[in-house]
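Me: I am new to this structure and would like a close look at a single part of it, the place where the two chains meet. Please take me through that part slowly, and then show me how it connects with what lies around it.

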There are 2 protein chains.
Amino acid sequence: MSNKGDQISFRPDIKVVDCTVRDGGLVNNFYFEDEFVKHLYHTNIDAGVDYMEFGYKSSKDIFDINKFGKWKFCDESSIREIVGVNDTDLKISVMADVGRTDFKKDIIKKEDSVIDLIRVATYINTIPAAIEMVNYCSQMGYETCVNVMAISTSSESDINIALELLGQSKTDVIYLVDSYGSLYPEQIEKFADQYLKVAEKYNKKIGIHAHNNQQLAFANTIEVARMGVSYLDATMSSLGRGAGNCPMELIMGFLKNPKYKLQAVIEFIENDIMKLKEEGLVWGYDIPYMLTGCLNQHPRSAIQFISDKKVDYGNFYQALLDLE
Amino acid sequence: MSNKGDQISFRPDIKVVDCTVRDGGLVNNFYFEDEFVKHLYHTNIDAGVDYMEFGYKSSKDIFDINKFGKWKFCDESSIREIVGVNDTDLKISVMADVGRTDFKKDIIKKEDSVIDLIRVATYINTIPAAIEMVNYCSQMGYETCVNVMAISTSSESDINIALELLGQSKTDVIYLVDSYGSLYPEQIEKFADQYLKVAEKYNKKIGIHAHNNQQLAFANTIEVARMGVSYLDATMSSLGRGAGNCPMELIMGFLKNPKYKLQAVIEFIENDIMKLKEEGLVWGYDIPYMLTGCLNQHPRSAIQFISDKKVDYGNFYQALLDLE
């Protein structure tokens with residue numbers, strides 16, 4: 001593999017995307033206190049993070065606003081309550097799921113919005129719908145991104161077709177997503193190689209969103225970064241669904257660009273993340289997530305097992321094997 | 001880098017070394033209950049683990065036997081109480097620190113011992129003493145190994161001299177040890193390349209012992225394994241000093257040789273590791289260890305910080321920077 005970076009220099013094309021509220025919202029149904037989100041916003045500014053993702057632009061017809069916190073919907077007014085006009089270098093991102101977003105209603109013109117980047121999340125079988133959405137968002141004036149989820153269960157040839165279609169779309173960035181935290185470095189390197197070839201052909205950027213089921217989220221992120229992947233997702237102290245994501249503190253400690261500051265991240269963990277843990281929020285590497293990751297399965301059974309406060313790991317493993 | 005393995009096939013030269021009691025002993029001063037060690041022994045047999053390291057062969061002149069559990073000393077009789085004559089495929093290992101072992105007194109002839117492998121632990125400045133020890137152990141009939149610690153603070157040229165000397169010694173295996181958990185994959189790959197060249201020249205095997213300060217213990221272990229490193233250290237649920245080691249459950253889930261069984265490891269964690277955690281033993285990835293790893297420092301200040309139950313991570317980080 002060619003090496004696009006080394007340990008001493010830095011690549012100005014690297015962009016760090018904080019997904020703490022968006023992926024962490026999957027743990028607490030998006031019920032974050034405003035103070036937490038405000039602290040996070042200022043932490044990201046101080047740390048030199050490039051993008052902060054506030055949550056989803058979910059359809060209020062599909063999801064009951066009384067059953068989720070406001071970051072499930074990311075109303076323009078909710079974001080502005082935190083960021084004002086966001087007169088900073090930190091850009092604002094939201095995610096929009098294919099089939100769960102009233103994008104023609106809820107995504108307004110960029111000139112009227114404080115949002116900078118819209119990331120469309122799709123499975124491989126809904127790529128045409130994702131392209132319709134991402135082209136719409138691009139025409140509305142936003143930076144755009146398509147996150148193709150759960151590729152560890154898709155065939156190489158299907159992924160190739162999807163990448164060709166995305167290459168021809170208006171998206172700026174295509175994300176490699178290890179939804180199940182199942183990919184080993186040599187596997188994710190092969191995917192990165194495949195994605196980067198398409199990126200070169202169509203002048204796109206590639207991003208990486210990893211899950212930590214096998215304690216590989218950070219390793220896989222920096223492995224593909226040195227190959228040329230440039231958008232790196234991370235969350236504070238890994239906060240995210242199941243085993244969580246690539247830890248922001250490790251990315252900040254690793255990157256050599258002097259604009260990135262670890263101190264701000266460490267202090268946020270000390271003050272705000274520790275508080276969430278004390279309040280009982282549970283996420284991070286644990287045996288049930290390790291097992292679903294290892295078996296390339298969706299983490300939902302592990303999330304249920306841990307939520308039920310079960311610890312009979314041996315039985316759980318056997319049940320997962322039966323499912324296969 | 002050449003690829004010595006892939007995701008589907010397996011390499012019969014891979015040896016998994018369980019260091020749970022030895023490295024975990026650094027967390028609880030080697031006070032493990034016999035039942036724990038017996039369960040671990042049978043787990044390792046069931047799981048197909050190749051070596052189980054019982055602890056250190058420490059000098060009783062230097063260390064007070066009243067201040068440590070028996071696995072600090074690994075008397076022949078202590079091991080035999082667990083394993084009998086060890087009529088199994090699992091081999092028995094002990095570690096011996098240079099300068100802290102009365103090796104001419106305490107290391108008896110192999111034909112009178114149930115121990116198979118003696119691993120000599122050394123810093124780079126005590127290589128000649130390590131070679132004296134390892135040659136002695138080899139002459140006594142044991143399989144042998146030299147673990148060169150803390151190489152992340154040594155120069156490449158010093159490491160090259162050490163490797164040449166070790167190449168010419170009687171040791172069977174030379175270990176690459178990331179004592180501070182500071183090495184990123186591209187760094188450990190360079191070391192592995194350097195070690196493997198010496199191994200090829202002198203017909204030695206190379207091993208890897210990783211620490212998990214930056215959640216890279218597993219990733220670095222499997223990265224160098226695919227390059228040709230064949231002795232892989234791991235501990236149950238990472239149990240080991242500070243941030244702990246490469247998790248055995250992840251290695252068992254990863255290796256494709258059908259002799260390795262994840263189920264036995266999962267059940268040991270469920271029954272015996274969970275009990276240690278409930279009793280209050282603390283180890284594993286945490287912000288203070290991440291910071292010492294990131295700064296390539298010995299974890300002792302992080303161990304003290306956590307032992308003092310402090311959580312002012314921001315101040316701790318600034319204090320570490322002052323030390324540099």
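Reply: Between chain B and chain A the count is 2 salt bridges, in a model that is predicted. One residue to start from is B:Arg226, which forms a salt bridge with A:Glu189, where the closest N and O atoms are 2.9 Å apart. The elements that give two or more residues to the side of chain B that touches chain A are helix 7 (185-202), helix 8 (217-227), helix 9 (248-254), helix 10 (262-278), helix 11 (287-294) and helix 13 (313-323) of chain B. Of these, helix 10 of chain B provides the largest share, with 7 residues. Sorted by class, this side of chain B holds 21 nonpolar, 11 polar and 9 charged residues.

The interface as a whole can be described by its contacts and its area. In contact across it are 41 residues of chain B and 41 residues of chain A, and the two chains bury about 3,500 Å² between them, with 62% of that area on carbon and sulfur atoms. The rule for polar contacts finds 14 residue pairs across the interface of chain B and chain A, counting pairs in which both residues are at pLDDT 80 or more.

Helix 8 of chain B deserves a closer reading, and B:Arg226 is again a useful guide. Besides its partner in chain A, the side chain of B:Arg226 meets that of B:Glu223 in a salt bridge of 2.8 Å, N to O. Both B:Arg226 and B:Glu223 lie in helix 8 of chain B, 3 residues apart, which is about one turn of the helix. An α-helix has 3.6 residues a turn, so residues three or four places apart point the same way. B:Arg226 has a relative accessible area of 15% and B:Glu223 one of 3%, and because buried means under 20%, B:Arg226 is buried and B:Glu223 is buried as well.

B:Asn220 is also placed in helix 8 of chain B, and at 1% relative accessibility B:Asn220 counts as buried. A polar atom of the B:Asn220 side chain lies 2.9 Å from the backbone oxygen of B:Leu183. Leaving aside residues up to four places away in sequence, B:Asn220 touches B:Asp178, B:Leu183, B:Tyr184, B:Pro185 and B:Ile188.

Helix 11 of chain B is another of the elements on the side that touches chain A. In helix 11 of chain B, 7 of the 8 residues are buried, so this helix is largely enclosed by the rest of the structure. Those buried residues are B:Ile287, B:Pro288, B:Tyr289, B:Met290, B:Leu291, B:Thr292 and B:Gly293. B:Thr292, found in this helix, is buried with a relative accessible area of 0%. With residues up to four places away in sequence not counted, B:Thr292 touches B:Asn213, B:Gln297, B:His298, B:Pro299, B:Ser301, B:Ala302, B:Phe316 and B:Leu320. After helix 11 of chain B comes B:Asn296, whose phi is positive, near 55 degrees.

Salt bridges can also be followed beyond the interface, since by this rule the count comes to 38 over all chains. In chain A, the side chains of A:Lys91 and A:Glu143 meet in one of them, at 2.7 Å from N to O. This pair links distant parts of the chain, 52 residues apart, with A:Lys91 in strand 3 (residues 91-97) of chain A and A:Glu143 in strand 5 (residues 143-148) of chain A. A:Lys91 counts as partly exposed at 31% relative accessibility, and A:Glu143 counts as partly exposed at 22%.

In chain B, the side chains of B:Lys104 and B:Glu132 meet in a salt bridge of 3.6 Å, N to O. Here too the pair links distant parts of the chain, B:Lys104 being in helix 4 (residues 103-106) of chain B and B:Glu132 in helix 5 (residues 127-139) of chain B, 28 residues apart. B:Lys104 counts as exposed at 55% relative accessibility, whereas B:Glu132 is partly exposed, with a relative accessible area of 45%.

Finally, the partner chain itself can be placed around the interface. The secondary structure of chain A comes to 13 helices and 8 strands. The radius of gyration of chain A is 19 Å, close to the 20 Å that the globule rule gives for 324 residues, so chain A is as compact as a globular protein of that length. Of the 324 residues of chain A, 63% count as buried.

Notes:
Residues are numbered from 1 along each chain as its sequence is written. Chains are lettered from A and ligands numbered from 1 in the order in which they are written. This is a predicted model: local features need pLDDT of at least 70, side-chain atom pairs count only at pLDDT 80 or more; totals for chains, interfaces and linings use all residues. Side-chain values use heavy atoms; hydrogens and water are left out. Contact means heavy atoms within 4.5 Å. Buried area is the accessible area (1.4 Å probe) that two parts lose on being put together, summed over both. A salt bridge is a side-chain nitrogen of Lys or Arg within 4 Å of a carboxyl oxygen of Asp or Glu. A polar contact is a pair of N or O atoms within 3.5 Å; within protein, one must be able to donate a hydrogen and the other to accept it, and residues adjacent in sequence count only if both atoms are side-chain atoms. Helices (H or I, at least four residues) and strands (E, at least two) are DSSP runs, numbered from the N terminus. Ala, Val, Leu, Ile, Met, Phe, Trp, Tyr, Cys and Pro count as nonpolar, Asp, Glu, Lys and Arg as charged, and the others, Gly among them, as polar. The radius of gyration is taken over C-alpha atoms; the globule rule is 2.2 Å times the number of residues to the power 0.38. Buried means under 20% relative accessible area, exposed over 50%, partly exposed in between (1.4 Å probe, protein chains only).
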